[in-house]
Each structure stands twice: as structure tokens, then as C-alpha cells.
Amino acid sequence: MRGVDSLDAALAPRLDEQRARVRYRQRHTTDGVGPRVRRDGRDWLNVCSNDYLGLAGDPRLAEALAAGARRFGVGGGASHLVCGHSEAHEALERRLAAWTGCERALLFSSGYQANLGVISALLGRGDIALHDRLNHASLLDGTRLAGARLERFAHGDAAACEARLAALGRERRRLVISDGVFSMDGDCAELNALATHCERHDAWLMVDDAHGLGVLGEHGAGTREAQGLTPWRVPILVGTLGKALGTHGAFVAGSETLIEALIQFARPYVYTTSLSPALAWATLTSLDIVRDEPERRAHLQALITRFRQHSAGLAEVGLSPMPSMTPIQPLQIMQHGEGANEATALALAQALEARGIWCSAIRPPTVPVGSARLRITLSAAHALADIDRLGEALYDAARQVIGQGGAVMPQGAPA
């Protein structure tokens with residue numbers, strides 16, 4: 001048997017199992033970016049993007065990207081520690097540090113790499129990473145890469161975090177890790193309580209604020225600013241550039257010593273070609289817009305309020321709005337049983353597609369078994385009329401698929 005045949009034979013049963021469990025995922029090719037895109041020859045209202053401020057398609061960013069490419073080139077050319085650290089990278093790191101109120105910031109090529117790099121640089125075998133139970137997969141993978149002991153506390157329960165810290169002892173390094181805004185639930189961590197518990201028990205605190213930066217706080221500086229914490233109380237802050245800022249890449253912000261340590265010891269930083277300098281240059285324009293156009297965040301908040309008004313009665317047709325006041329507005333399926341709510345989530349997404357609305361059905365393992373949902377994400381580029389259209393479509397789709405009183409209709413879930 002050829003090597004490729006044995007490889008395919010090993011992989012095919014896993015793919016078949018994924019299909020049988022209604023968890024097979026497929027890509028869609030789009031034309032355009034923003035709340036209105038073309039896909040499969042049709043126009044769609046897109047409510048599943050992380051482009052929270054509507055900047056990904058802003059022509060000012062495109063112009064800055066082109067100017068950056070002409071000045072610095074498109075590719076980084078090498079890792080930062082060889083010859084790939086340009087003036088564009090340096091300027092962006094300085095701006096990100098000032099924006100977050102930290103001494104320094106360090107660019108990474110993606111949020112996943114940033115989380116892998118930070119945790120594996122700070123912890124080793126025998127050290128402990130204490131996670132919120134709903135943390136992003138990259139944070140868990142960073143702990144595994146470090147070889148550290150992975151512990152968890154109940155989601156959003158700062159008291160449970162303190163209880164675990166008290167029980168762990170102080171003989172090893174202990175890093176408490178939490179998302180700022182949780183990507184699948186849309187709720188926020190209680191950063192003040194987590195910071196207090198870490199200070200009391202001599203632990204470090206790391207916050208991945210990928211979904212809060214640009215959106216929350218008076219100046220868009222994220223969950224920490226929105227909750228009134230001074231920068232030093234969250235000594236390790238991770239953010240991404242590809243969500244609210246509309247470009248690509250990520251950064252870590254913190255003290256001078258932290259950043260120097262990451263430059264020396266974070267393998268995903270040391271051994272990766274640097275982020276495109278043209279993208280770094282374009283992100284400076286993103287930061288200008290976040291600073292100069294607070295009305296984008298105000299409009300986004302108005303959209304969130306409008307959607308919450310529409311969703312208040314969805315429980316009557318089998319959808320449960322989760323308690324979020326961020327652009328992430330999940331609707332959980334009020335239906336249980338092995339695979340049942342996953343199939344219903346898919347059927348609901350298909351019913352919305354029939355109405356020209358693109359909304360992803362989120363299923364395990366991205367979320368816990370039994371908690372499949374529609375994950376709606378709002379953007380400042382949406383109009384209030386878009387939210388009204390979405391609200392009406394959700395009611396119609398839920399009645400079609402689930403029916404009155406939450407009973408499953410025969411035409412609902414696909415096999």
C-alpha cells in the first residue's frame with residue numbers, strides 16, 4: 001500500500017464519524033467584507049463576523065496598507081530577531097503600549113501564536129495554569145505546550161478561582177488565565193476580583209482580551225478599561241488586531257521585563273517570520289479611527305440594545321438569549337438530548353440562510369455538549385434596519401424549525 005493510501009485509510013473513518021455526528025464543517029468562499037457579502041452567487045446579510053467596528057473593509061485601511069507595502073514591503077522577510085523588525089512594527093508596538101497603558105507591547109503573527117508563546121515562556125513542567133472553564137482553545141493549547149499542570153475553575157466564578165489558588169500552594173509558579181470577553185458566550189470576566197485574588201495569593205494574571213479591545217471602554221481599550229482597572233493589575237494582556245481593529249495579527253502588552261522575556265523565550269515569536277509590515281502600518285490607521293470615532297462604539301451599543309429588545313421573546317419559540325451586552329449575542333437551543341440541539345442549531349442556520357442571513361451554528365467541541373447555539377455577532381457597519389430584519393427572521397425560522405412551545409417540528413433537523 002502506498003503511503004498516501006494508508007494515510008487516507010486512517011483519516012477517512014474520522015471524517016465519516018464527524019459527518020455522522022452532524023459536526024462536519026465546510027468553508028464558504030465569499031466576495032467582499034462587512035455586513036453584506038456575496039457567497040454562492042447570492043447576497044447575504046452577514047451576522048457571524050468578528051469585524052466589530054466595521055473596519056475590515058474601510059477604504060482608509062486599504063490606502064494605508066498600500067502605502068505601507070510601498071514603503072516597507074509586503075512581507076516581513078525574516079523573523080523579528082534576524083532582520084524582520086521594521087519601523088512599521090516598532091511604531092505599532094509603541095502605539096499599542098500607549099493605548100493599553102503598558103510599558104511595552106510585542107507583536108505576534110496571530111492571537112493563537114501569542115497565547116502559545118506567552119504561556120510556554122512563563123511556565124514549565126510542574127507549574128500551574130489555572131483557567132476559566134470556558135477559555136479559548138489557544139490558551140489551553142499553550143498550557144499543554146508548556147508542559148504545565150492545567151487546572152480549571154467554574155466559568156465566571158472568581159470565588160472558585162480563589163478557592164483553587166488557596167488549595168494549590170505557592171511552591172510553583174501559578175498563572176491565572178481568563179478571556180476578557182468570552183467568544184462563545186459574550187459575557188465578561190470579573191477582572192477586579194480575579195486581580196485581587198491573584199494579588200492576595202501571589203499568582204500572575206493573564207487576560208486574553210481579543211473580543212474586548214476596540215469595543216469596550218471609554219477609549220476602546222477593552223475590558224480592563226471598561227471595568228476601571230489600572231494596567232498594572234493585569235500584568236499580561238493579550239489582544240488581536242484582526243477583530244475590532246480590522247487587520248491581522250496580535251500583541252502582548254505588559255512590563256518592560258515581560259516583553260524582554262518574551263523576546264528571548266517565546267518560541268512562536270522567535271521562530272516565526274514577522275507580521276507583514278504593511279499590515280502593521282495599516283493598523284496604525286485603525287488605532288487612529290478607534291481614537292477619533294467613538295461614535296462607532298456608540299452605534300454598536302445601540303445595535304446591541306436593539307437586538308436585545310428583539311430577542312426578549314425568543315424563549316417562546318425555543319431560543320434562549322444569553323446574558324451578553326457585547327457584540328457577541330448567542331442564542332442557545334432550548335432542547336436537549338444526544339445530538340438533538342446540534343441538529344436543530346444547523347436547521348435554524350439553514351432556515352436563516354433561506355432568508356438571506358448568514359449566521360453560524362456553533363456546536364461541540366467549540367462549545368460543551370448540549371449547548372449548541374446560534375452565535376450572532378454585530379458590527380458597527382450594521383444598520384438598525386439590519387437588526388430589525390434579523391429579529392423578524394429569527395422568529396420565523398424558530399417557528400418553522402422548532403415550533404410553538406419549543407416542540408421540534410418534523411422538518412427541523414437534518415439527518
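Helices, taken as runs of at least four residues, and strands, taken as runs of at least two, are DSSP assignments numbered from the N terminus. On that basis, D202 falls in the loop between α7 (191-200) and β8 (204-208). The model is predicted, with an average pLDDT of 92 across the protein. This briefing covers model confidence, backbone geometry and one sheet with its packing helix.

**Confidence**
- A pLDDT of at least 70 is reached by 95% of the residues.
- Residues 404-415 form a stretch where pLDDT stays under 50. For this stretch the model has 25 contacts beyond four places in sequence.
- Where pLDDT is low, predicted coordinates should not be read in detail.

**Positive phi at two aspartates**
- D40 is not a glycine, yet its phi is positive, at about 55°. The residue sits in the loop that links β2 (36-39) with β3 (42-46).
- The relative accessible area of D40 is 55%. D40 is therefore classed as exposed, the cut-off being over 50%.
- D202, also not a glycine, has a positive phi of about 55°. Its place is the loop that follows α7 (191-200) and precedes β8 (204-208).
- With a relative accessible area of 55%, D202 is exposed.

**A cis peptide bond**
- The bond joining P364 to P365 is cis, and its omega is near 10°.
- P365 belongs to the loop between β14 (360-362) and β15 (373-377).

**The four-stranded sheet**
- Both strands that flank the P365 loop, β14 and β15, take part in an open sheet of 4 strands. The strand order is β11-β12-β15-β14, and the pairing is antiparallel.
- β11 (319-321) and β14 are the edge strands, each of them pairing on one side only.
- On average, neighbouring strands of this sheet are turned by 35° against each other, direction ignored.
- Strands of a sheet pair through backbone hydrogen bonds, in either a parallel or an antiparallel arrangement.
- The antiparallel pairing of β11 with β12 (residues 328-333) extends over 3 bridges. S320 has Q332 of β12 as its bridge partner.

**The packing helix**
- Helix α12 (residues 295-311) packs on this sheet, where it touches β11, β12 and β15.
- The direction of α12 makes about 15° with that of β12.

Key. Residues numbered from 1 in each chain as written. Predicted model: local features only at pLDDT ≥ 70, side-chain atom pairs only at ≥ 80, totals over all residues. Heavy atoms only, no water. Buried < 20%, exposed > 50% of the residue type's maximum accessible area, 1.4 Å probe, protein only. pLDDT = per-residue confidence, 0-100. Contact = heavy atoms within 4.5 Å. Pairing = 2+ DSSP bridges. Axes fitted to C-alpha atoms, helices over the stretch in contact; angles between N-to-C directions.
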